[in-house]
Amino acid sequence: MDGSLAPLLVTGAFTLTAAIASSALTLFAANRRERRQAYEVSYFRNLEHRRSIIVEFLLLYDRFRRLGNGGRAARDDYDTDQAFHEHLDDLRRRLGESRTTLDLFCRPETRPVTERAEQLGREVWLALIGRQPLNDDQLRDHAAEMDRYKQVMLTAFRRDLGEEA
């Protein structure tokens, strides 16, 4: 009996080992697939988050560009100077916060582009609140420069999002 059981025990042990190994590999593959799917979901969630931050930054930047293009006449849309200055201060603050957030979520190569864009927006703010001596023609020229720079930003953001090689 001992002689006839030995091959069965070896075969049974080998089969049991193979079954355990197969189960372990299946679990490992399933775990790996779940982690990859979670990573992909996280990546696209992050990508959508970055897109929304970029859009917010571009909208704020564009509001400054339009204010600069309007020159000092932009003040006429507000009841008081105080209301106009508060609106400008709020836009400037939001542009700075948006740029800081972009610095956290975008590639390092995008940072100088957003810094320059924020600087252009701040120059409009300074001119409109009277701290920088620019006349309406100079403000319009500055707004045209901001419009040209917007193409640089769009290219940088597309590259950052992986939409352009």
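Helices in this tour are DSSP runs of H or I with at least four residues, numbered from the N terminus. With that convention, Thr 110 can be placed in the loop between helix 2 and helix 3. The model is predicted, and every stop below refers to that model.

**Stop 1: the whole chain**

Display the protein chain as a cartoon: four helices and zero strands are present. Following the sequence from its start gives the pattern α-α-α-α. Colour by burial next; of the 165 residues, 30% count as buried. Among the contacts in the chain with a separation of 6 or more, 78% are accounted for by residues 24 or more positions apart.

**Stop 2: helix 2**

Select residues 81–105, which form helix 2. Its 25 residues reach 36 Å from the first C-alpha to the last, close to the 36 Å expected at 1.5 Å a residue. Show side chains for the buried positions: Phe 84, Leu 88, Leu 91, Leu 95, Gly 96, Ser 98, Arg 99, Leu 102 and Asp 103. An α-helix has 3.6 residues a turn, so residues three or four places apart point the same way.

**Stop 3: the loop residue Thr 110**

Move on to Thr 110, in the loop between helix 2 and helix 3. Is Thr 110 buried or exposed? Its relative accessible area is 5%, so Thr 110 is buried. Leaving aside neighbours within four places in sequence, Thr 110 is in contact with Ala 156, Phe 157 and Asp 160.

**Stop 4: helix 3**

Select residues 111–128, which form helix 3. Helix 3 has 18 residues and spans 26 Å between its first and last C-alpha, close to the 26 Å expected at 1.5 Å a residue. Its buried residues are Val 113, Thr 114, Ala 117, Glu 118, Leu 120, Gly 121, Glu 123, Val 124, Trp 125, Ala 127 and Leu 128.

Now pick Leu 126, also found in helix 3. With a relative accessible area of 25%, Leu 126 is partly exposed. Not counting residues up to four places away in sequence, Leu 126 touches Arg 131 and Gln 132. Draw a distance from the C-alpha of Leu 126 to that of Asp 89: the two residues are 37 residues apart along the chain, and these atoms are separated by 9.9 Å. Just past the helix, select Gly 130, which follows helix 3 and has a positive phi near 90°.

**Stop 5: helix 2 against helix 3**

Two packed helices are described by the angle between their axes and the distance between the axes. Show helix 2 and helix 3 together: they pack at an angle of about 175°, with their axes 10 Å apart. Angles over 145 degrees count as roughly antiparallel, which therefore makes helix 2 roughly antiparallel to helix 3. On the helix 2 side, select Phe 84, Leu 88, Asp 89, Arg 92, Leu 95, Gly 96, Arg 99, Leu 102 and Asp 103. On the helix 3 side, select Arg 111, Thr 114, Glu 115, Glu 118, Gly 121, Arg 122, Trp 125 and Leu 128. How do the residues of this contact divide? Six are nonpolar, three polar and eight charged.

**Stop 6: the largest nonpolar core**

In soluble globular proteins, nonpolar side chains tend to be buried together. The largest nonpolar core here has 32 residues, and Tyr 61, Phe 64, Leu 88 and Met 153 touch the most other members. Helix 1 (2–70), helix 2, helix 3 and helix 4 (136–161) each supply at least two residues of this core. Helix 1 gives the largest share, nine residues.

Centre the view on Leu 88. Not counting residues up to four places away in sequence, Leu 88 touches Phe 64, Leu 67, Trp 125, Leu 128 and Ile 129.

**Stop 7: Arg 65 and Lys 150**

Finish with two residues on helix 1 and helix 4. Arg 65 has its place in helix 1 and is buried, with a relative accessible area of 15%. Which residues does Arg 65 contact, leaving aside its neighbours within four places in sequence? They are Ala 143, Met 146, Asp 147 and Lys 150.

Select Lys 150, which lies in helix 4. Residues under 20% relative accessible area are buried, so Lys 150, at 19%, counts as buried. Lys 150 touches Tyr 61, Asp 62 and Arg 65, not counting residues up to four places away in sequence. As a last distance, join the C-alpha atoms of Lys 150 and Leu 58: these residues are 92 residues apart along the chain, and the atoms are separated by 8.2 Å.

Technical notes:
Residues numbered from 1 in each chain as written. Predicted model: local features only at pLDDT ≥ 70, side-chain atom pairs only at ≥ 80, totals over all residues. Heavy atoms only, no water. Axes fitted to C-alpha atoms, helices over the stretch in contact; angles between N-to-C directions. Parallel < 35°, antiparallel > 145°, perpendicular 65-115°, else oblique. Contact = heavy atoms within 4.5 Å. Nonpolar A, V, L, I, M, F, W, Y, C, P; charged D, E, K, R; others polar. Core = buried A, V, L, I, M, F, W, Y, C linked by side-chain atoms within 4.5 Å. Buried < 20%, exposed > 50% of the residue type's maximum accessible area, 1.4 Å probe, protein only. Expected span 1.5 Å × (residues − 1).
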